[in-house]
Amino acid sequence: MTKDKKILLVGATFGSNFGDFLFAKMFQDFIREKLGIENVFWYKSVCARSDYFPKYLNYDRNYRLKDIDALVYISGGYFMGNDTKPIHYVIRFLSYFWIGIRCIIRRIPYCIIGVEAARSNSRIIDWIQHIILRNAKVVVVRNKLSFDYVIGAVSDKVPVYCTSDSVFSMQKHFYDEYPIEEEISKGNKPMLFLHVNPYHNNNQKIIDCIVPVINQFIKNHPEFSIVLGTDQYGPDMISAMENVRGYIQSNNVILNTYGNPVSLCGVLDECSVIVTTKLHVGIVGAHFGKSVISFSGHTSKIKRLYEQLGLDDRTTPLNTLTIESGVSMLETYYNKPITVDKKIIDSAKDNFKILNDFIDAIK
């Protein structure tokens, strides 16, 4: 019976990243509804499943691999690493690929749903990625460049689908019961969300290049409040945001503390403009119909998204950003909300339809 199937999930669960947590909750919720929460398990290793994820997923179980009926690689960008050091390759292998190898050996079926994929800088890791991809029952990627890479890695026997990011299938009930700061939920001014990092040393580029853009925008549009927020937890998060606030020339600056990642969805839904250097703050903002301006950090991955959405002009690399170009982008787009094509939303829903078919096919 379907109810007896035990599913092991693996993804980027070692930290507290916003996008990766949204994926984790979406996949856990889907399988919980289908099989019951007692049949959902999370992969655990020295490089996977931080304490942060179980806390906010309300997960407290362990598993034995011999009892698992199938493995699901949830959505994420971990088939496209930008690693440069040997230790990074070791961590990537232990985080994502060792469990796949073990499932191949044990003949446990697995699927890969809604991932980013590209050639690794390491020939060994790239070879391992090919092994994992070739032995999957089905592979789903979230854009055309990922599709091209996977097609070159697998045989004709592996079905490969190109869809879109799973977060584009998110619905309002997913986050609307999670509390947010009253200052944000009951604010009477339009709000601009400025995405910063929870660590002091990661914010210098933002202070040097993006904050002057925001200051010029505030001078032109004093009616806006600024919401400062991160997309992951850090022990110095508050002081890091306070430091950035010191450079912003406005008395209307609100600090949003990152706790339960789902609450950040509600914060972004309250803002009309979102300025971000990361991927999923931008994806959620676009999905909610906000005006998103991307000064990209991990440019290759982010560029793929905005090309897929037909919004190339909304993103530019942070490393080449000038104050003049940033002000021009923000002034051009701040009052032009994004409308995501229904095809993108429907293809994101297809990720879970394909996952459903995979689970039904498990014997």
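Helix α3 is a good place to start, since α3 gives the largest share of the lining of the largest pocket, five residues. Keep in mind as you look around that this is a predicted model.

So what is this pocket like? The largest pocket has a volume of about 1200 Å³. Its lining is made up of 38 residues, and N17, D20, N82, H298 and K301 are the ones nearest the centre. Besides α3, which spans 86-106, the elements that give two or more residues to this lining are α1 (18-35), β4 (76-79) and α11 (299-308). Sort the lining residues of the largest pocket by class and you get 13 nonpolar, 18 polar and seven charged.

Now let's stay with α3 for a moment, but look at the surface. There, I87, V90 and I91 form a nonpolar patch, and together they have about 250 Å² of accessible area. Take V90, which is found in helix α3. Is V90 buried or exposed, or something in between? With a relative accessible area of 44%, V90 is partly exposed. That value fits its place in the patch, because a patch residue needs over 30% relative accessible area.

Next, follow α1 to another opening. The second largest pocket has a volume of about 390 Å³. Which elements give two or more residues to its lining? They are α1 and α13, the helix at 342-361. The largest share, five residues, comes from α1. If you want to find the second largest pocket on screen, look for its lining residues, including M26, F30, H173 and F352. By class, the lining of the second largest pocket divides into five nonpolar, three polar and four charged residues.

Finally, some empty space is closed off. In general, rolling a probe the size of a water molecule over the atoms shows where empty space is left. How many cavities of 30 Å³ or more does the count come to here? The count comes to one, and about 60 Å³ of space lies in this largest cavity. Among the residues that line the cavity are E116, R142, D165, L279 and R304. Helix α11 gives the largest share of the cavity lining, four residues. The cavity lining has three nonpolar, two polar and five charged residues.

One residue ties two of these places together. K301 is one of the residues nearest the centre of the largest pocket, and K301 also lines the largest cavity.

Note on methods
Residues are numbered from 1 along each chain as its sequence is written. This is a predicted model: local features need pLDDT of at least 70, side-chain atom pairs count only at pLDDT 80 or more; totals for chains, interfaces and linings use all residues. Side-chain values use heavy atoms; hydrogens and water are left out. On a 1 Å grid over the protein atoms alone, a cavity is a set of points where a 1.4 Å probe fits but cannot get out, and a pocket is an open set with protein on both sides within 12 Å along at least five of seven lines; lining residues have an atom within 4 Å of a point. Grid points are joined across faces, edges and corners, and a volume is the space filled by probe spheres set on the points. Ala, Val, Leu, Ile, Met, Phe, Trp, Tyr, Cys and Pro count as nonpolar, Asp, Glu, Lys and Arg as charged, and the others, Gly among them, as polar. Patches are made of residues with over 30% relative accessible area and no salt bridge: like charges are joined within 9 Å, nonpolar side chains (Val, Leu, Ile, Met, Phe, Trp, Tyr) within 5 Å. Accessible areas come from the Shrake-Rupley method with a 1.4 Å probe; for residues, only the protein chains shown count as cover. A salt bridge is a side-chain nitrogen of Lys or Arg within 4 Å of a carboxyl oxygen of Asp or Glu. Buried means under 20% relative accessible area, exposed over 50%, partly exposed in between (1.4 Å probe, protein chains only).
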